[in-house]
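Me: I'd like to learn how to read a protein model, one feature at a time. Can we go through one together?

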Amino acid sequence: MRSETSPSQRVLMGPGPSNVHPRVLQAMGQSTIGHLDPQFLALMDETMELLRMVFRTRNPLTFPISATGSAGMEATFVNMLEPGDRVVVGVNGVFGERMCDVASRCGAEVRRVEAPWGRIVDPADIAAAIRESAPKLVAVVHAETSTGVLQPLEEIEQATHAAGALLLVDCVTSLGGVDLRIDDWKIDLAYSGTQKCLSCPPGLSPVTFGERALEVFDARKSKVQSWYLDISMIRRYWSGERVYHHTAPINAVYGLREALRLIAEEGLDTRIARHSRNAAALHAGLEAMGLPLFAQEGHRLPSLTTVRVPEGCDEAALRSALLNEFDLEIGGGLGPVKGQVWRLGLMGETSSPRNVLYFLSCLERLLRRAGVSVESGLAAAQAALE
């Protein structure tokens with residue numbers, strides 16, 4: 001039996017987590033110090049500055065929530081919403097659905113704007129819902145992890161701010177791998193996770209709160225329903241006051257800082273281009289094999305690809321074979337596309353030509369073994385890389 005402290009070396013091409021650079025793991029193994037130690041406070045400041053670089057924002061309140069990306073989602077909603085507030089949410093996958101659930105638990109009146117899974121939410125439909133409901137908040141998923149769709153934001157931002165509402169964006173699968181510009185696109189608040197394009201182990205959720213969002217927060221009439229996620233207290237710990245709120249996950253912050261330093265060294269634009277180039281190669285290889293892509297053309301997410309499972313293939317058995325024979329993890333479909341698509345992550349450290357070609361080679365071999373007739377996709381992928 002394998003020791004619990006010696007897990008297999010996997011190629012993580014699922015929807016997350018992604019592979020982690022050895023420098024990040026090494027950083028996380030450094031000596032733990034106190035959460036109010038001057039050395040750690042200095043490291044917190046550096047981490048916030050690096051997060052501003054990746055979010056492309058000057059927002060002072062940009063920091064990691066001490067929990068996974070779902071807590072980042074909840075933190076943004078619970079701090080902005082009070083009972084009776086109106087919210088418009090774009091829904092075209094699991095995480096739009098989750099936004100609706102979280103908003104309703106805050107006592108908000110939720111207006112859903114839906115699109116079929118695999119397609120963007122039409123910005124015109126969002127704009128119409130904003131005009132009809134006059135919401136306090138408009139929430140959309142920039143990168144829908146369940147479908148591989150990249151949502152355009154420009155028209156939604158314009159309609160949102162024309163109505164005096166706040167724009168909240170889920171950036172969990174886009175931050176650090178896809179073009180995202182918090183300030184230029186006038187996004188009021190956003191959240192992400194460390195385990196996707198940042199290539200850090202899961203456990204922290206970077207968030208950023210803009211000036212308009214903080215003005216709304218400061219005008220609240222009721223307490224935030226969550227004590228742990230109340231930014232009135234958390235921001236005093238991450239600001240110059242350094243007032244104790246909770247014991248921060250020291251070593252996790254070490255890891256995040258190192259992951260962000262790696263992004264700064266690579267260059268954010270270079271990193272984004274790498275994700276796009278490798279995704280284009282993967283797409284070319286899959287299409288050459290005769291496997292159709294699922295997400296809407298022109299709006300496909302570079303960090304996560306959805307591809308239709310060929311007829312006659314046991315998709316779960318193939319995923320299991322990839323994992324057990326080749327130490328390669330991919331994800332299955334969720335919700336209405338369960339059993340119909342695979343989700344292929346090329347995020348952070350995982351996004352490399354080597355992994356694209358390795359996956360296509362393994363997939364071709366297993367499909368043919370299962371009796372599925374496919375062409376080779378390697379030549380098309382290599383041509384795209386060149």
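Me: Let's start with strand pairing. Which residue in S14 does Thr306 stand opposite?
Reply: Keep in mind that this is a predicted model. Now look across from one strand to its partner: Thr306 stands opposite Arg343 in S14. Further along, Arg308 faces Val341, also in S14. These pairs belong to S11 and S14 (residues 341-345), which run antiparallel and are joined by five bridges.

Me: What is the order of the strands in that open sheet?
Reply: Read it across the strands: S11-S14-S13, three strands with antiparallel pairing. S11 (304-308) and S13 (331-332) are at the edges with a single partner strand each, so one side of each has no neighbour in the sheet.

Me: Is S11 mostly covered or mostly open?
Reply: Here you ask how much of each residue a probe can reach; under 20% relative accessible area counts as buried. S11 is mostly covered, with four of its five residues buried.

Me: Which helix lies across S13 and S14?
Reply: That's H11 (residues 315-326), and its direction is at about 30 degrees to that of S14.

Me: How do I check a helix, say H12? How far does H12 reach from its first C-alpha to its last?
Reply: You compare its reach with what its residue count leads you to expect. H12 (residues 353-369) has 17 residues and reaches 25 Å, close to the 24 Å expected at 1.5 Å a residue. After H12 comes Gly371, with a positive phi near 90 degrees.

Me: Which residues of H12 are buried, and what do they pack against?
Reply: The buried ones are Asn355, Val356, Phe359, Leu360, Cys362, Leu363, Glu364, Leu366 and Leu367. Their packing partners include H10 (268-288), H11, S14 and H13 (378-385). Two short strands are on that list too, S1 (11-12) and S12 (328-329).

Me: How do people find pockets?
Reply: Rolling a probe the size of a water molecule over the atoms shows where empty space is left. In this model, the largest pocket holds about 620 Å³ of space. It is lined by 21 residues, and those closest to its centre are Gln9, Arg10, Leu12, Asn19 and Val20. H12 turns up again here: S1, H1 (22-28) and H12 each supply at least two residues of the lining.

Me: Now the other sheet. How many strands form the open sheet with mixed pairing?
Reply: Seven, in the order S2-S10-S9-S8-S5-S3-S4. The edge strands are S2 and S4 (109-114), each pairing on one side only. On average, neighbouring strands of this sheet are turned by 15 degrees against each other, direction ignored.

Me: How does S2 pair with S10?
Reply: Look for bridges again. Five of them join S2 to S10, and the two strands run antiparallel. For one example, Ile65 stands opposite Ser205 in S10. S2 is also mostly covered, as five of its five residues are buried.

Me: And how many bridges join S9 and S10?
Reply: Three, again in the antiparallel sense. Ala190 has Thr208 as its bridge partner in S10. On this sheet packs H2, touching S2, S9 and S10, with its direction at about 105 degrees to that of S2. H7 (residues 211-218) packs on the sheet too, touching S2, S8 (166-170), S9 and S10, and its direction makes about 110 degrees with that of S8.

Me: Let me try the helix check on H2. What reach is expected for H2?
Reply: 26 Å is expected, and H2 (residues 38-55), with 18 residues, reaches 26 Å. Its buried residues include Phe40, Leu41, Met44, Leu51 and Phe55. Among the elements covering the buried residues of H2 are S2 (61-65), S9 (189-191), S10 (205-209), H8 (231-238) and H9 (250-266).

Me: Last one, a single residue. Is Gly69 buried or exposed?
Reply: Use the same cut-off: under 20% means buried. Gly69 has a relative accessible area of 9%, so it is buried. Gly69 lies in H3 (residues 69-80). Leaving out residues up to four places away in sequence, Gly69 touches Tyr191, Ser192, Gly193, Leu204 and Ser205. The chain also brings together residues from far along it: Gly69 and Thr194 are 125 residues apart, yet 7.5 Å separates their C-alpha atoms.

Terms used
Residues are numbered from 1 along each chain as its sequence is written. This is a predicted model: local features need pLDDT of at least 70, side-chain atom pairs count only at pLDDT 80 or more; totals for chains, interfaces and linings use all residues. Side-chain values use heavy atoms; hydrogens and water are left out. Two strands pair if DSSP finds at least two bridges between them. Contact means heavy atoms within 4.5 Å. Axes are lines fitted to C-alpha atoms, for helices over the stretch in contact, and angles run from 0 to 180 degrees between N-to-C directions. The expected span of a helix is 1.5 Å times one less than its number of residues. Buried means under 20% relative accessible area, exposed over 50%, partly exposed in between (1.4 Å probe, protein chains only). On a 1 Å grid over the protein atoms alone, a cavity is a set of points where a 1.4 Å probe fits but cannot get out, and a pocket is an open set with protein on both sides within 12 Å along at least five of seven lines; lining residues have an atom within 4 Å of a point. Grid points are joined across faces, edges and corners, and a volume is the space filled by probe spheres set on the points.
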